[in-house]
Each structure stands twice: as C-alpha cells, then as structure tokens.
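Please find below some notes on the model you sent. They are meant to be read with the structure open.

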Amino acid sequence: MLDGLLADAADWDVRLPIPPDRIRELPERYASVLDEVRRPALLHFDGWDGNLLAEPEPEPEADADGSLHLRGIVDGERFLFGDPLMDLVSPLIYRRVEDEPDNPLLRGYRAAATDPVVFDEATLRRLSLYRLHLYLLMTVEMPSRGITRQNRPDRFERLADLLDHELTELRRDGVQRRARNSTR
C-alpha cells in the first residue's frame, strides 16, 4: 500500500515532506506488530460523519433514548481488507483514539469487538502506522482534488507536521509510555 502511494506521489509530482525511504522501511521495521493482526476485516477507512447515514428508529420501535441507528455507508473509495483498528483512524482525523477513552466511536467499537481493545505497545504502534498512512494518502491525493501546496499551504504544513509527529512517535519510547497510561 505504501509503495502504491509513493508511486502515485512520483507520478503526480507530489513533493513529500519526508523522504520516501523513511516510509518504505516501516513495514519491515514494524512487521512483528503488524503480524499480530489475527482477524482482518473489510474496512471503510473513511468513516467520518458525512459518510455514515443514520436515523432514529421509526415509531413504534423507537428507542426511548433517541439514539441513532446506522442505515447506510457511502463513499467506498478507500475500502480495504485489514486490521479492524484502521477504522478508528479516519473518524477521529487529526486526533488519537487512544487519547479519547470515552469517545462514542471507541465505546461502540469496544461493545462490538469480540476481543477486548487494549492500547498496548503493539496496538499503539499499529495505530501510529495507520495514521501515518492516512496522512500520507491525504498528502498524495491533493492534486487529484485540485489542492496544491501553493493554494493550501496550511493543509500541506499540517499534514507534514502530523507525518513527522507519527514518525517521531514510532522512533521513540513515547509509545511505550502512553501504552502504560492507556490501559483503560
């Protein structure tokens, strides 16, 4: 997947904020944590509010609490088969699900998961890799959306900062510190 993104960046002449070699080495470097995924699933990987269709139950089945129920999912251009944790990245774009233990998406994910969701070191590294993938994707796809570094320098710089932050987190022991503090 990363090779495909890097090839697109070259084809579309997207100057990446980090050297491609630093990106290419990640799957091998973190193969052991990626290998911990035992049950891949079909993922949306773009499950923000605008791509999820929800409505209240019609009368007389209506829930007393007025909760919404998922009725549809649209925009499947990023569908993929992979680690279910990946679907916790896009809905919380620019944020970290592990820093929001009471987030409704995480609560629902935990309620539906067959195994407990624990933010151990391996999970945190995978989430960091998946965020890095999303931010790289958002950087590479900018020309296809009419976005350039010149007309949206703020977007380019924000994504560059986020990419750098995820690479830094992967390199240092900060991931281990957060793992010890996020065992909720």
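The points below go from the whole chain to one helix, one pocket and one glycine.

1. Status and fold. This is a predicted model, and every remark here should be read with that in mind. The chain contains 8 helices and 4 strands. Their order along the sequence is α-α-α-α-β-β-β-β-α-α-α-α, with the strands in one run between two sets of helices.

2. Burial and contacts. Of the 184 residues in the chain, 40% are buried. Among contacts with a separation of 6 or more, 70% join residues 24 or more positions apart. The chain exposes about 10,600 Å², and carbon and sulfur atoms account for 51% of that area.

3. Helix α6, geometry. Helix α6 covers residues 121-140. At 1.5 Å a residue, its 20 residues should span 28 Å. The expected span is 1.5 Å times one less than the number of residues, so the last residue adds no further step. The C-alpha atoms at the two ends of α6 are 28 Å apart, which agrees with the expected value.

4. Helix α6, surroundings. Is this helix enclosed or exposed? Of the 20 residues of α6, 19 are buried, so the helix is largely enclosed by the rest of the structure. The cut-off used for a buried residue is under 20% relative accessible area. Helix α6 also supplies at least two residues of the lining of the largest pocket.

5. The largest pocket. Its volume is about 1,100 Å³, and 34 residues line it. Those nearest the centre of the pocket are Pro-84, Leu-85, Tyr-109, Ala-113 and Val-117.

6. Composition of the lining. Which element gives the largest share of the lining? Helix α5 does, with 5 residues. Besides α6, at least two residues each come from β1 (41-43), β3 (68-73) and α5 (104-112). By residue class, the lining of the largest pocket has 21 nonpolar, 5 polar and 8 charged residues.

7. Gly-82. This residue belongs to strand β4, residues 80-82. Its relative accessible area is 11%, and since the cut-off for burial is under 20%, Gly-82 is buried.

8. Neighbours of Gly-82. Which residues does Gly-82 touch, leaving aside those up to four places away in sequence? They are Pro-40, Ala-41 and Leu-43. Leu-42 lies 40 residues from Gly-82 along the chain, yet their C-alpha atoms are separated by 6.5 Å. For orientation, strand β1 spans 41-43, and Gly-82 is in β4.

Definitions and conventions. Residues numbered from 1 in each chain as written. Predicted model: local features only at pLDDT ≥ 70, side-chain atom pairs only at ≥ 80, totals over all residues. Heavy atoms only, no water. Buried < 20%, exposed > 50% of the residue type's maximum accessible area, 1.4 Å probe, protein only. 1 Å grid on protein atoms, 1.4 Å probe; cavity = no way out; pocket = protein on both sides within 12 Å on 5 of 7 lines; lining within 4 Å. Points joined across faces, edges and corners; volume = space filled by probe spheres on them. Nonpolar A, V, L, I, M, F, W, Y, C, P; charged D, E, K, R; others polar. Contact = heavy atoms within 4.5 Å. Areas by Shrake-Rupley, 256 points an atom, 1.4 Å probe, with all protein chains shown as cover.
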